[in-house]
Amino acid sequence: MDNILGGRRMRRNRRTSWSRRLVRENHLSVDDLIWPVFIVSGTGVREPVPSMPGVERVSIDEAVRDTERAQALGIPALALFPNTDPDLRDPHGSEALNENNLICSACRAIKQEGFDVGLITDVALDPYTSHGHDGLMEGDAILNDETVVQLANQAVLQAQSGADVIAPSDMMDGRVAGIRKALDENGFRDQQIMAYSAKYASAFYGPFRDAVGTNATLVGDKRTYQMDPPNTDEAIRETELDLEEGADMIMVKPGMPYLDIIRRLKDAFAAPTYAYQVSGEYAMIMAAGQNGWIDKDRAMMESLISFKRAGADGILTYFAPKVAEILKRGV
Ligand code: PBG
């Protein structure tokens with residue numbers, strides 16, 4: 001039979017496992033993983049988050065054990081988020097400025113052990129405010145500049161407690177500049193800033209808000225500060241500002257629905273770029289897997305490699321410990 005393909009056969013390289021490995025363009029490694037961990041008060045607490053099967057809120061002593069596990073697995077960094085006692089939440093998010101709050105205490109406890117694991121702390125007021133917003137409010141309005149002052153103070157306290165990377169997730173204008181200045185003035189020149197640069201007002205944060213208790217508190221929505229999902233040029237402008245203001249690393253959030261944004265930002269700025277595979281993305285894969293509708297481990301690995309393909313240098317993912325174990329076993 002005549003060869004109508006003229007010798008062009010894409011399938012040749014895919015025929016065998018060794019050849020597929022040889023032509024593989026992107027790889028996921030443990031060095032790409034950041035493990036988000038939820039902290040609660042108490043000791044010996046490991047409390048499941050119902051909307052995130054396999055994820056637990058842990059007390060500080062357990063977070064120390066998780067960090068030890070991260071080190072053993074080779075995971076480079078943890079991202080810490082608090083579930084603040086409802087009694088400690090007020091309209092001003094005062095607990096964010098308590099040097100003995102869950103996050104500061106967790107940083108001190110973990111750092112005392114001397115692990116070679118980076119600690120990334122979230123800067124925003126939502127886990128501390130009674131209205132569940134990331135900023136201070138006057139009536140229905142979120143006050144930008146007043147919030148930035150408080151975020152800068154929050155960041156300094158976290159740095160004092162041992163945080164290595166300050167990660168503002170609040171989406172106030174000018175917060176990276178405010179935080180950088182405050183860190184520098186207080187002698188924390190070496191603390192990095194990972195900016196949630198393109199953070200969209202997304203439905204995919206639902207399970208996270210269960211985990212930190214803000215579904216119960218949030219009044220209204222976050223559309224006046226988080227980005228509008230249809231926009232893409234705006235992500236460039238947000239990120240350009242964050243980098244000018246001193247961000248060392250940038251982040252896109254959520255992850256899979258915004259792969260186009262990751263690619264655009266990586267191409268435009270060539271900066272260290274991270275994806276946050278958020279709680280709702282995790283929950284979807286776990287729920288479909290538990291129903292037997294998809295192979296959850298394969299879906300997990302495929303979702304993670306999509307971030308590498310899009311140009312991400314790393315991924316915040318609740319799958320981190322599980323994936324690290326799979327990578328370590330080499331299967
Ligand atoms: C809050 C914050 C959110 C997440 C990280 N930091 C939620 C929100 O903006 O309401 C979401 C993470 C996730 O869904 O996994 N500043």
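## A charged patch on the surface

Asp-145 is a good place to start: with a relative accessibility of 55%, this residue counts as exposed, because anything over 50% falls in that class. Keep in mind that we're looking at a predicted model here. Asp-145 belongs to helix 4, which covers residues 144-161.

What kind of charge gathers around Asp-145 on the surface? It's negative: Asp-145 shares a surface patch with Glu-138, Glu-146 and Asp-173.

## Aromatic pairs

Now for the rings. The structure has 10 aromatic pairs. One of them is Phe-38 with Tyr-318, a stacked pair whose centres sit 5.8 Å apart, with 15° between the planes. Phe-38 is in strand 1 (residues 33-39), while Tyr-318 is in the loop between strand 12 (314-317) and helix 11 (320-329), so this contact ties together parts of the chain that are 280 residues apart in sequence. Both partners are tucked away from the surface: Phe-38 is buried at 1% relative accessible area, and Tyr-318 is buried at 6%.

Phe-81 and Phe-208 make another pair, this time edge-to-face, with 5.2 Å from centre to centre and 90° between the planes. Here a strand meets a helix: Phe-81 comes from strand 4 (residues 77-82) and Phe-208 from helix 6 (residues 206-212), so the pair joins parts that are 127 residues apart in sequence. Phe-81 is buried, with a relative accessibility of 3%, and Phe-208 is buried too, at 14%.

Which cluster do these four rings belong to? Ring pairs link Phe-38, Phe-81, Phe-208 and Tyr-318 with Tyr-196, Tyr-276, Tyr-282 and Phe-319 into a cluster.

## Salt bridges, buried and exposed

On to the charged pairs: the count comes to 20 salt bridges. In one of them, the side chains of Asp-164 and Lys-111 meet at 2.8 Å, N to O. This bridge links distant parts of the chain, 53 residues apart, with Asp-164 in the loop between helix 4 and strand 8 (165-168) and Lys-111 in helix 3 (residues 102-111). Neither end is fully hidden: Asp-164 is partly exposed, at 23% relative accessible area, and Lys-111 is partly exposed at 29%.

Where do Asp-170 and Arg-175 sit, buried or exposed? Asp-170 counts as buried at 0% relative accessibility, and Arg-175 counts as buried at 1%. These two form a salt bridge with each other, their closest N and O atoms being 3.2 Å apart.

## Along a helix, and a network

Lys-181 and Glu-185 give a different setting for a salt bridge, with their side chains meeting at 3.2 Å, N to O. Both residues are in helix 5 (residues 175-185), and because they're 4 residues apart there, about one helical turn separates them. Lys-181 is exposed at 54% relative accessibility, and so is Glu-185 at 58%.

Finally, some charged residues join up in a wider arrangement. Salt bridges link Arg-46, Glu-56, Glu-62, Arg-65 and Asp-66 into a network.

How values were computed: Residues are numbered from 1 along each chain as its sequence is written. This is a predicted model: local features need pLDDT of at least 70, side-chain atom pairs count only at pLDDT 80 or more; totals for chains, interfaces and linings use all residues. Side-chain values use heavy atoms; hydrogens and water are left out. Patches are made of residues with over 30% relative accessible area and no salt bridge: like charges are joined within 9 Å, nonpolar side chains (Val, Leu, Ile, Met, Phe, Trp, Tyr) within 5 Å. Accessible areas come from the Shrake-Rupley method with a 1.4 Å probe; for residues, only the protein chains shown count as cover. A salt bridge is a side-chain nitrogen of Lys or Arg within 4 Å of a carboxyl oxygen of Asp or Glu. Lys and Arg count as positive and Asp and Glu as negative; His and the chain ends are not counted. The place of a charge is taken as NZ of Lys, CZ of Arg, CG of Asp or CD of Glu. Helices (H or I, at least four residues) and strands (E, at least two) are DSSP runs, numbered from the N terminus. Buried means under 20% relative accessible area, exposed over 50%, partly exposed in between (1.4 Å probe, protein chains only). Rings of Phe, Tyr and Trp (its six-membered ring) pair if their centres lie within 6.5 Å; planes under 30 degrees apart count as stacked, over 60 as edge-to-face and the rest as tilted.
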